[in-house]
Amino acid sequence: MGRKLLLEHINEPGIQTFEVYRKKGGYASVEKALKTMKPDDVTEEVKKSGLRGRGGAGFPTGMKWSFIDKKSEKPRYLVCNADESEPGTFKDRYLMEKIPHALIEGMITSSYALGAKTSYIYIRGEYMYVAMILEKAIEEAYAKGFLGKNILGTDYSLDLYVHAGAGAYICGEETALLESLEGKRGNPRLKPPFPAVAGLYACPTVVNNVETIAAVVPIVNMGGDEYSKIGVGKSTGTKLISASGHINKPGVYEIELGVPVEEFIYSEEYCGGIWKGRKLKAVIAGGSSVPILPTDLILKTAKGEPRLMTYESLADGGFATGTMLGSGGFIVLDETASVVENLYTFARFYHHESCGQCSPCREGTGWMEKILHRFRDGHAKKEDIDLLWDVQRKIEGNTICPLGDAAAWPVASAIRHFRKEFEEAVMNSLELAHV
Amino acid sequence: MEIKFSETALAKANQIIGRYPQGKQKSAMLTMLHLAQSEFDGWLSTEVMDYVASLLSVKPIEVYEVATFYSMYNTKPVGKCLLEVCQTSSCWLRGSNEIVDHLKKKLNIEVGETTADGMFTLKTVECLGSCGTAPMLQCGADFHENLTIDKVDELLDKLRTKNERSSYLKSLVNS
């Protein structure tokens, strides 16, 4: 059994309440940070820990924090990205729903490190019931003196608020999120300036994912050096994996980074193998945006080494033979699943979610959906495969935000690894036309 | 009908505005529109959006552009219970198509339509973050997960008996 740093007490009855959470050692990081550490010391521990953004991009968190403009006279903000919308990802919802104080505690400790006096949790609107759970937890934290004026009798004060979105994947992109937090459409901003310089209300701002913020708690408690000993190489600590699709035990699993993919899929501790006694066909390892890999390449790298659940191992081989850890949204397809039709659901998703600002993405996602619809409904022609390839290639790298890339990669990888299925769909279309 | 929030909603609106710095009341826009939808039959008419604009001291166009951007806002009337069935990958892999087909047959409507009695509107939506408990549908704030045909039938009966308008915000207004 791997170590659990975030979900250790998840099954404790009443852990949603302040009382039980506190009894289990909760809010110790706030006490330690506010009473014994300077804000920069906290950032230093996060740097030492090697923690990388858990939302999908994997950027070193301590480094992100150190970019915040400290010379600015303006207020600083910490904004938690709880807009979890990447298909296949549901770990943040699980964490917030089951153990809301873990996020609140992380927000307080992290806000202290950044010198933020007001912080927001931007949660996707569809998670409204989770927003209510957070509101209640925040209320408790205020009542117990962990939020508000002079926390624990120190001169540090913090207000924390929940801000609900209203249905838009794009708001998971940090600048779109900030636009949305300002009450506007979620159109991503041009960078630079980066949020660390001009973010919310043009003030210095850090945006971090839920799991990233929650991980600050064990890091402060155990120290960055200790935390960095967990995991493999530059993939330190634990990671929440959302497992879904054709497996026996879908759910959220906290793993020590470095677990072999094969063990994650087949062991009883995690996914429990493929459902209905079937065989594995393909995996999308890090949420809808990352390349899909067939069985042989997800279990082993092209060099024949066992593939591990780490940022580096999953990316081994680049996009030719590898993928990404991404958000940890681990979607499993069994031997009966159609890669083409699964891809169609992604193409429809990205078309629906494109904000419309950049034409390659706005138009391209629509074309990809249309072409894939032809494959799905038996009207595809052979040249449609090349057309699809051409469209995705012209989106990638040509948009303000990464949504364009995210829409292109699943298409490119599906054609790269499963071209035969597209060709079969064309053959079926031809047969249908003759009937 | 005069367009005006109830006392409770108005109090909530002011509380929400207070969460943002002075002069940044526009930040309350998204929650305000959720409140408005909850107050006025589950959708946002032009009149309702104009009212929200007046509450936030912004131009009506600033409200329209937001209301038309986000998928949770309805700019046309909807049935009492809005059934939103997730259809993205993980839900599709676990049979969301069958759930949609069953609802279409059972309610005798197509996706996007409302039943003649105004009780149900059927909508398909993109990933709601319930992939580990797929297939699923959302009705108001509630997630209905690990759906089967039987569970869907049960849910429809329950919603019919309850005969209440679903809202994402029920608990927020009442709290």
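Biologist: Which residue of E3(B) stands opposite B:Glu84 in this predicted model?

Modeller: B:Gln138 does. The two strands involved are E1 (residues 81-86) and E3 (residues 137-139) of chain B, paired in the antiparallel sense.

Biologist: What makes E1(B) and E3(B) count as a pair?

Modeller: The rule asks for at least two bridges, and E1(B) and E3(B) have 3 bridges between them. That is why they count as paired.

Biologist: And what packs on the sheet there, touching E1, E2 and E3 of chain B?

Modeller: Helix H6 (residues 96-107) of chain B, with a direction about 150° from that of E1(B).

Biologist: Why are E2 and E4 of chain B said to stand at the edges?

Modeller: The order is E2-E1-E3-E4 in an open sheet of 4 strands, with mixed pairing. E2 (120-125) and E4 (142-144) of chain B each have a single partner strand, so one side of each has no neighbour in the sheet. From one strand to the next, the twist averages 25°.

Biologist: What is unusual about phi in B:Asn108?

Modeller: Phi there is near 60°, which is positive, and the residue is not glycine. Most residues other than glycine have a negative phi, so a positive one is worth a look. You'll find B:Asn108 in the loop between H6 and E2 of chain B.

Biologist: Over to chain A. Why is the pair H16(A) and H18(A) called roughly parallel?

Modeller: The axes of H16 (residues 359-377) and H18 (residues 403-434) of chain A cross at roughly 20° and come within 12 Å. Angles under 35 degrees count as roughly parallel, so H16(A) and H18(A) get that label. Their crossing is left-handed.

Biologist: Which residues meet in that contact?

Modeller: Those of H16(A) include A:Cys361, A:Met368 and A:Phe375, and those of H18(A) include A:Gly404, A:Val411 and A:Phe422. By class, the contact of H16(A) with H18(A) has 10 nonpolar, 2 polar and no charged residues.

Biologist: What about H5(A) and H9(A): what makes them oblique?

Modeller: The axes of H5 (residues 91-98) and H9 (residues 210-222) of chain A cross at roughly 50° and come within 9 Å. An angle of 35 to 65 degrees falls in none of the parallel, antiparallel or perpendicular ranges, and H5(A) and H9(A) are therefore oblique. On the H5(A) side, the contact is made by A:Lys91, A:Asp92, A:Leu95 and A:Met96, and on the H9(A) side by A:Val210, A:Glu211 and A:Ala214. By class that gives 4 nonpolar, no polar and 3 charged residues.

Biologist: How do you know that E2(A) and E3(A) pair?

Modeller: E2 (residues 118-123) of chain A and E3(A) share 6 bridges, in the parallel sense. With at least two bridges needed, they therefore qualify. One bridge joins A:Ile123 to A:Ala164 in E3(A).

Biologist: Last one: which peptide bond leads into A:Pro193, and what is its omega?

Modeller: The bond from A:Pro192 to A:Pro193 is cis, with omega near 5°. The bond from A:Lys191 to A:Pro192 is cis too, with omega near -5°. A:Pro192 is in the loop between helix H8 (174-181) and E4 of chain A, and A:Pro193 is found in the loop between H8 and E4 of chain A.

Technical notes. Residues are numbered from 1 along each chain as its sequence is written. Chains are lettered from A and ligands numbered from 1 in the order in which they are written. This is a predicted model: local features need pLDDT of at least 70, side-chain atom pairs count only at pLDDT 80 or more; totals for chains, interfaces and linings use all residues. Side-chain values use heavy atoms; hydrogens and water are left out. Axes are lines fitted to C-alpha atoms, for helices over the stretch in contact, and angles run from 0 to 180 degrees between N-to-C directions. Contact means heavy atoms within 4.5 Å. Angles under 35 degrees count as roughly parallel, over 145 as roughly antiparallel, 65 to 115 as roughly perpendicular and the rest as oblique. A crossing is left-handed if the near helix is turned anticlockwise from the far one by less than a right angle, and right-handed if clockwise. Ala, Val, Leu, Ile, Met, Phe, Trp, Tyr, Cys and Pro count as nonpolar, Asp, Glu, Lys and Arg as charged, and the others, Gly among them, as polar.
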